[in-house]
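Please take a moment with the sequence and the model before reading on. The paragraphs below begin with one element and then widen to the whole chain.

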Amino acid sequence: MSVKWAALQDAAAVIAALAGIEAEPPTPELRNFPALIREAEPWRRELAERGIEDMTAVLEPGIAALLGVDARGASPRPAALALWGEFTEARAAVLALLPPSGALGPRRSA
């Protein structure tokens, strides 16, 4: 899951560049998501994996289309902004699957 998550963050940077916006700085939650979700209940992990697969399924052809538009000399910005919005909403839904961490950080088990 770590590799797929990192690839999604790289894809997000490409979309942001094509949209003409600055990519978000990575938060601890974004950076540590794979490790944090690994500690979560199985149902949370399964939903997170499905969400990541769904985002990948949308972003791969979306980025290819945006690059094609850009290669033809047209502006990909409006479509990239729309894809950026869809991505950030989907990513927020996946991040919401993280269990609450409380003041002492995420729950750890031995």
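**A walk through the helices**

In this predicted model, helix H3 has 30 residues and reaches 43 Å from its first C-alpha to its last, which is close to the 44 Å expected at 1.5 Å a residue. Helix H3 covers residues 42-71, and it is followed by Gly73, a residue whose phi is positive, near 90°.

Several residues along H3 are buried, namely Arg44, Ala48, Gly51, Ile52, Met55, Leu59, Gly62, Ile63 and Leu66. An α-helix has 3.6 residues a turn, so residues three or four places apart point the same way. As for what lies on the other side, the buried residues of H3 pack against H1, H2 and H4.

With H3 in place, the rest of the protein can be read around it. The protein contains 4 helices and 0 strands, and along the sequence these follow the pattern α-α-α-α. The C-alpha atoms fill a box of roughly 55 × 25 × 20 Å when this is taken along the principal axes. Among the contacts with a separation of 6 or more, 81% are accounted for by residues 24 or more positions apart.

What joins the helices on the inside? The largest nonpolar core has 27 residues, and those with the most contacts inside it are Trp5, Phe33, Ile37, Ile52, Met55, Leu59 and Val94. At least two residues of this core are supplied by each of helix H1 (2-19), helix H2 (28-38), helix H3 (42-71) and helix H4 (77-95), while the largest share, 8 residues, comes from H1. Trp5 offers a way to see this in detail: leaving aside its neighbours within four places in sequence, Trp5 is in contact with Leu30, Phe33, Pro34, Ile52, Met55, Arg91, Val94 and Leu95.

Turning from the core to the outside, 30% of the 110 residues of the protein count as buried. The accessible surface comes to about 6,800 Å², and 60% of that area belongs to carbon and sulfur atoms. The protein carries 11 positive and 14 negative charges, and the mean positions of these two groups are 5 Å apart.

Is Glu86, a residue of helix H4, buried or exposed? Glu86 counts as exposed because its relative accessible area is 52%, and the cut-off for that class is over 50%. Measuring from C-alpha to C-alpha, Glu86 lies 25 Å from Ala40 in space, and the two are 46 residues apart in sequence.

Methods. Residues are numbered from 1 along each chain as its sequence is written. This is a predicted model: local features need pLDDT of at least 70, side-chain atom pairs count only at pLDDT 80 or more; totals for chains, interfaces and linings use all residues. Side-chain values use heavy atoms; hydrogens and water are left out. Buried means under 20% relative accessible area, exposed over 50%, partly exposed in between (1.4 Å probe, protein chains only). Contact means heavy atoms within 4.5 Å. Accessible areas come from the Shrake-Rupley method with a 1.4 Å probe; for residues, only the protein chains shown count as cover. Lys and Arg count as positive and Asp and Glu as negative; His and the chain ends are not counted. The place of a charge is taken as NZ of Lys, CZ of Arg, CG of Asp or CD of Glu. A nonpolar core is a set of buried Ala, Val, Leu, Ile, Met, Phe, Trp, Tyr and Cys residues joined through side-chain atoms within 4.5 Å. The expected span of a helix is 1.5 Å times one less than its number of residues.
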